[in-house]
Amino acid sequence: MSSHAEPHEPGAFEHHGPPPIHYSSRVSPAVLGMFLFIASEIMLFGAFFTVYFFDRVVNKPFNGHWPPEGFHRPVYVALINTLILVSSSATMHWADTSIKKGNRAGLQAGLVLTLCLGATFLATQVIEYHRLGFATKDTSFASTFFGLTGLHGAHVFVGLTILLVMTIRAFRGHFSPEHHHGVEIGGIYWHFVDVMWIVVYVTVYLL
Amino acid sequence: MTELHEHHTAPARTGIRRLTGPGWLRVLWVTPIFFGIGVGLPVLIRWLAHWHPVWKGSVILTVELVTVPLGFLVGIGGFDYWAHYASGRPTVEDDHSSHGAKSWRDYFRVNTDHKVIGIQYVVTTIIFFCIGGLLAMLFRAELAQPGDQYFNPQTFNVLVSNHAALMIFLFVIPAFAGLGNYVIPLMLGAADMAFPRLNALSFWLLPMAGLMLVAGMVTPGGGPSAGWTCYAPLCSHQPLGQVFFNMGVQWAGASSIMTALNFLVTIITMRAPGMTFWRMPLLVWANFTTSLLVVIATPFIAGSQFFVMFDRVLHTHFFEPGGGGYVLGYQHIFWFYSHPAVYIMMLPGFGIISEVIAVMSRKPVFGYRLMALSLMAILVLGFSVWAHHMFVAGMAGWLRVPMMVTSMVIAVPTGIKIFSWLATMWEGRIHFTTPMLFALGFLSMFVIGGLSGIYLASVPIDIHASDTYFIVAHIHYVLFGGSVFTIFAGIYYWFPKMTGRMYDERLGKLHFWLTFIGFNLTFFPMHYIGLQGMPRRVADYAGRFADINLFISIASFGLGASTLVFLYNMAKSWKHGEPAGGNPWRALTLEWQVSSPPPIFNFDEIPQVVGHPYEYGVPGAKHAIFGAPKPEPVGTD
Ligand SMILES: [Cu+2]
């Protein structure tokens, strides 16, 4: 209110912007936002795990056979795919630590490797879908199988999009040891996608 | 005073650049492109995968309901900043050209000012409130006498389903988001929300969602008539309009998750120096807990709507018993969101009432910390009661009693709040302004709704009253007498702040009394006919309920008409009302310490918070000081 009474010089509003932001927490807004978003994502996966639980454990269909007779899960292909995704977390971590040390080549190499591994994972999944021998319309086993792996695949796709943006920016030289928020936040998301896959893999393929 | 705060705007676009710049012109050509993608993508995939038929209407429609809104958002400019970032160009310092409103046109574009977004929200939601209310009056006309008059049973159920869905997803929840948007940064002493662009985007999802629900009603082949609860497997076998419903709920849910995330980050990271958690106004506390609920619970309704939609479009068997699906799973997942949603629709209202009652009674809020803690208690308990909606659904019997007990326990923190408000008013110097009248109306009506809620929590009474008008009466006493009254209280209370003008107090009081009386005449008799056994969601009914239904229908038209007084008052006062001044209520919270409407960046300098927000009548008490020589560093609590 006080400033309304101030004499107002012409041109004074040329540089008028918001007052300097006062941060009341040590956590940066973007990182906090990403963690809250991930909390919400975990709950979305939670809904898919819940329907899986109801369909399989509470309902006990197919005379107790899960998967129903005649259905086979490609456990070993998925295991190799799991290893691919887990190693992509390692390369992501490498990219992240590299830029913190100012190693731009490490950042670029790490991001490109992560991108390739992630894309391989997704491609393998698409091919696997095609060769499964069952489709979404075949029983609640197939519904939950495609539901959980499909939801996860969609997240891999989103993660890859974020990584692609980060890679473009990395090659344009935008990140530095002081400014690498984008890599850090994209990295958090990618690690989340990887950890989620391990839970999905164990539930859908192994149990 | 706002003209002092004008700033540079981007140079006006001319020629071809008007078509490429963000705005409605770009919407006109980008949306059709996305429409094309929505047709092409599923067809291409189905063709490549050798699925037949290649053209499948329900699949294409589902994809369209994702791509067309995306096209609109791209056109209007919701993604411009991120597209710029993704292209790898250097980030530019924000020129604030998308911030603030100088004419009415600025309300029709992507605007990053939380005050503009707040008003966009409130106005949009009131439009959907009116549409939802008109739907209710249509089916009340049908119910005025037994037999089929105007609508066949299918259409009747479409009206009922969409009335509920619009009121819940397009009015109550986003109206609170709008009021919170306007007030929270001001109350915290911040210049804006933590993520202004995300804020703008989450608003623009909302009209999309609303249009989708409305479009679902008029879809060829029939609208969604499975109720707002959309139970499986009924919901998966509805006419095509149901897909609009499923996707509309998804967009509204996405919008509310994004807003909640923004509120949480803003409240945690953007508080002014000295604004500790225990100095925050209760409205901020209320939105903090609500936002936690939204972030945790809303993904479950997203999931539930995906499943019923996949059951229809992809022929999955999530809830189809024929293929090993579990029907009741839907209800568990749905209510795991939708019971907490009751608090999503109520807690922000609690916050508004705390503000209004303290200011209008000129007394500190009684038991401030307990008020905040009871919000947290409701948040936690709210996740443990969902199956009280399923007592007659055939779920596992052992779940009944635990759910009954938790449902009753949740009345304790709610009761604490009621007694705190009463104690706040006790011996206060009460000013019976319109917001205060609505607050008092809320208190009395919410107690009635809360009491019938305790009845319904007990298993035997619930079994008797399930799916009768007793439920309709209960839900309206908590959602209309509760939430809607608090929204009205909030709108009247902050109207002077938002517009800089005072509403017409006489018309405001008239609106309150018409609403209060019309509301009770409409919904109180429903308790009675419900216990007598009149089922809800049925177009026809037994002749012995005829007189009382005619009475209810007439009362409901009166209730609907009372909204006209509100709309007239708002429109007239916005243009011609008395100038309100910065602080017409002599309130202490920060939003009242700046001009009305506030300067474009809220504060010319960030205030220093030195005390509690509700010390009315305490000599020498101060909430905040402006122009403090040097702000002390604040602890990170
Ligand atoms: Cu409930």
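# Working through a two-chain model

Pro67(A) sits in the loop between helix H1 (29-58) and helix H2 (75-100) of chain A. (Helices are DSSP runs of H or I with at least four residues, strands are E runs with at least two, and both are numbered from the N terminus.) This is a predicted model, where local features need pLDDT of at least 70 and side-chain atom pairs count only at pLDDT 80 or more, while totals for chains, interfaces and linings use all residues. Residues are numbered from 1 along each chain as its sequence is written, chains are lettered from A and ligands numbered from 1 in the order in which they are written, and side-chain values use heavy atoms, leaving out hydrogens and water.

**Exercise 1.** Find the backbone oddities in the H1-H2 loop of chain A, then look for a cis peptide bond in chain B.

*Step 1.* Start with Pro67(A): a cis peptide bond joins it to Trp66(A), with omega at about 0°.

*Step 2.* Check phi for Phe62(A), which lies in the loop between H1 and H2 of chain A. Phe62(A) is not a glycine, yet its phi is positive, about 55°.

*Step 3.* Now try Asn63(A), also placed in the loop between H1 and H2 of chain A. Asn63(A) has a positive phi of about 50°, and it isn't a glycine either.

*Step 4.* Over in chain B, His52(B) and Pro53(B) share a cis peptide bond with omega at about -5°. Pro53(B) belongs to the loop between H2 and helix H3 (57-76) of chain B.

**Exercise 2.** Describe how H1(A) packs against helix H4 (residues 139-171) of chain A.

*Step 1.* Get the geometry: the two axes come within 9 Å and cross at roughly 170°. (Axes are lines fitted to C-alpha atoms, for helices over the stretch in contact, and angles run from 0 to 180 degrees between N-to-C directions.)

*Step 2.* Name the direction: that angle makes H1(A) roughly antiparallel to H4(A). (Under 35 degrees is roughly parallel, over 145 roughly antiparallel, 65 to 115 roughly perpendicular, and the rest oblique.)

*Step 3.* Give the hand: H1(A) passes H4(A) in a left-handed crossing. (Left-handed has the near helix turned anticlockwise from the far one by less than a right angle; right-handed has it clockwise.)

*Step 4.* Pick out the touching residues, including Phe45(A), Phe48(A) and Phe49(A) from H1(A), and Leu148(A), Leu151(A) and His152(A) from H4(A). (Contact means heavy atoms within 4.5 Å.)

*Step 5.* Sort the contact of H1(A) with H4(A) by class, and you get eight nonpolar, five polar and two charged residues. (Ala, Val, Leu, Ile, Met, Phe, Trp, Tyr, Cys and Pro are nonpolar, Asp, Glu, Lys and Arg charged, and the others, Gly among them, polar.)

**Exercise 3.** Do the same for helix H12 (residues 368-381) and helix H14 (residues 411-425) of chain B.

*Step 1.* Their axes come within 8 Å, crossing at roughly 155°.

*Step 2.* H12(B) and H14(B) are therefore roughly antiparallel, and their crossing is left-handed.

*Step 3.* Among the residues that meet are Leu375(B) and Ile378(B) in H12(B), with Ile416(B) and Trp421(B) in H14(B). The contact of H12(B) with H14(B) divides into nine nonpolar, three polar and one charged.

**Exercise 4.** Look at how chain A meets chain B, and then track down a salt bridge.

*Step 1.* Count who takes part: 57 residues from chain A and 61 residues from chain B.

*Step 2.* The two chains bury about 4800 Å² between them, 67% of it on carbon and sulfur atoms. (Buried area is the accessible area, by a 1.4 Å probe, that two parts lose on being put together, summed over both.)

*Step 3.* Between chain A and chain B there are zero salt bridges, whereas the structure holds six over all chains. (A salt bridge puts a side-chain nitrogen of Lys or Arg within 4 Å of a carboxyl oxygen of Asp or Glu.)

*Step 4.* Asp80(B) forms a salt bridge with Arg26(B), with the closest N and O atoms 2.7 Å apart. Asp80(B) is in helix H4 (residues 80-86) of chain B and Arg26(B) in helix H2 (residues 24-48) of chain B, so the pair ties together parts 54 residues apart in sequence.
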